[in-house]
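Reader: I am new to this structure and would like a close look at a single part of it. Please take one sheet with the helices that pack on it, and then relate the rest to that part.

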Amino acid sequence: MVSGKNELDLASSKNEILLNPRWPKEDHEKLWSLATHVQDERHLQGHVWIATSGSTADSVAGTKLVALSKQALVNSAKSVNTHLQSTSQDVWTQVLPHFHVGGLGIEVRAFLVNARVVPALKEQRWDVHHFYEVLNSEKCTLSALVPTQVYDLVTHSYKAPSSMRAIVVGGGVFESELYKKARALGWPVLPSYGMTETASQIATASLLSLAQSEYPPIGLLSHAQVQKNAEGFLQVQASSLFTCYAQNTSEGRKSWDPKVNGWFTTEDQGELIDGALYIQGRSKDYVKIGGEGTNVARLRSVMENVALQMNASWPSQLAVLDMPSDRLGREIHLVSQLSEADTEKVVQLFSEKVLPFEKVRKIHYVKEIPRSDLGKVLWGELRKQL
């Protein structure tokens, strides 16, 4: 699916894989080979393989792939269309990559009701000014954004065009203050909850919530069920659930289905109250930055390896952690006991090994990083210092 035209044959038994075009060709080939092997092994037909959003630049070939049946994509799209009351009269504006479920979901929804999709990226990149121009010129009615993009609209004080009916916001924490500022400018934003494994959202605020300014409950959609396990993690059962995972590992190709009796256990803790989801937080090391998922523990490992290459004593004088960000939700910070010159050398090499959204956005220079008797960083104490 490119340029707003649906090129995915939803009725075909053909299997397809959607990957980031910026990834190296050799990694594409390894992932294609992985998907082909698993499809044959599990006798899969009519599936689309999508990379999880936590993919890393230094191990693309080891990216975890999610197999979604085309029927799962259709089931999700039908439910969302019903929720948004979408028809052939709607015009979707597309700024999410089609190799993620957020962008792919828009294409499938539009296809099912014969709605139009208008691309709104500038040279394949997000540009808030270009996006706003497209909304107005094309009289767009629907869209899907991540909180970072909403933040940009609010920062530039753009008021919502009268044609806009609804904007589904997902891919990260949508803070209540940002929600209120967007609503004050007329943006019909609907907080949502979903993931690659569920072929997009399974819960979204209702259209009726736009009649008020308070942060709305995120109602469960018709195709999904949710429960909480003993550890407090949300479990999902839905007609849009994925079939299995696949991954290239040091031991070879691997595929597995983590569902138990049709239920998938997520990394999120939360509650379902009167049909609405209330998310309390994700497992400690997984965070989303501008809608993209990453593992902070892995980033710490990359930083330690980089520092070790330069000086054996440097890793103990550095600490990587995620911090709140008004624009991105979370962002990566570095705490350093090294000199500015040495710190900048480490950061430069680190930046070459991670994706753009994973780069260090702020450096804190301290005399000492608080550690336990065993040398472990006291993260709570460090965060208080910052």
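**A three-stranded sheet and its helices**

Author: Helix α7 lies across β19, β20 and β21, and runs at about 145 degrees to β19. The model is a predicted one, and that applies to every value below.

Start with the sheet itself. Three strands make up an open sheet, in the order β19-β20-β21, and their pairing is mixed. At the edges stand β19 (318–325) and β21 (360–365); each has a single partner strand, so one side of each is left without a neighbour in the sheet. On average, neighbouring strands of this sheet are turned by 35 degrees against each other, direction ignored.

The pairing of β19 with β20 (residues 329–336) is antiparallel and consists of eight bridges. One residue pair shows the register: Met323 has Glu331, in β20, as its bridge partner. Helix α8 (residues 340–351) also packs on the sheet, where it touches β19, β20 and β21, and its direction makes about 155 degrees with that of β21.

Now back to α7. This helix covers residues 296–310, which is 15 residues; at 1.5 Å a residue they should span 21 Å, and the end C-alpha atoms are 22 Å apart, which agrees. The buried residues of α7 are Val296, Leu299, Arg300, Val302, Met303, Val306 and Ala307. Viewed down the helix axis, the buried residues of α7 fall within an arc of 160 degrees, so they line one face of the helix. The N-terminal end of α7 is capped by Asn295, which has a side-chain oxygen 2.9 Å from the backbone nitrogen of Ala297.

A second sheet can be set beside this one. It is an open sheet of five strands in the order β1-β2-β3-β13-β14, again with mixed pairing. Its edge strands, β1 and β14, each pair on one side only. From one strand to the next, the twist averages 25 degrees. Within this sheet, β2 and β3 are antiparallel and share five bridges, and Val48 stands opposite Leu68 in β3. Helix α2 (residues 70–84) packs on the sheet and touches β1, β2 and β3, its direction making about 75 degrees with that of β3.

Helix α1 belongs to this second picture too. What covers its buried residues includes β1 (16–18), β2 (47–51), β3 (65–69), β13 (244–249) and β14 (252–256). The 18 residues of α1 (residues 25–42) should span 26 Å at 1.5 Å a residue, and the end C-alpha atoms are 26 Å apart, which agrees. Asp27, His28, Leu31, Leu34, Ala35, Val38 and Gln39 are buried in α1. Down the axis of α1, its buried residues fall within an arc of 130 degrees, so they line one face of the helix. The exposed residues Lys25 and Asp40 are carried on the face of α1 turned away from that buried side. After α1 comes His43, with a positive phi near 55 degrees.

A last detail concerns a loop. Ser209 is placed in the loop between β9 (200–204) and β10 (218–220). With 5% relative accessibility, Ser209 counts as buried, because the cut-off for buried is under 20%. A polar atom of the Ser209 side chain lies 2.5 Å from the backbone oxygen of Ser206. Apart from neighbours within four places in sequence, Ser209 is in contact with Tyr179, Leu190 and Pro216.

Notes
Residues are numbered from 1 along each chain as its sequence is written. This is a predicted model: local features need pLDDT of at least 70, side-chain atom pairs count only at pLDDT 80 or more; totals for chains, interfaces and linings use all residues. Side-chain values use heavy atoms; hydrogens and water are left out. Helices (H or I, at least four residues) and strands (E, at least two) are DSSP runs, numbered from the N terminus. The expected span of a helix is 1.5 Å times one less than its number of residues. Buried means under 20% relative accessible area, exposed over 50%, partly exposed in between (1.4 Å probe, protein chains only). The arc is that of the directions from the helix axis to the C-beta atoms. A polar contact is a pair of N or O atoms within 3.5 Å; within protein, one must be able to donate a hydrogen and the other to accept it, and residues adjacent in sequence count only if both atoms are side-chain atoms. Contact means heavy atoms within 4.5 Å. Two strands pair if DSSP finds at least two bridges between them. Axes are lines fitted to C-alpha atoms, for helices over the stretch in contact, and angles run from 0 to 180 degrees between N-to-C directions.
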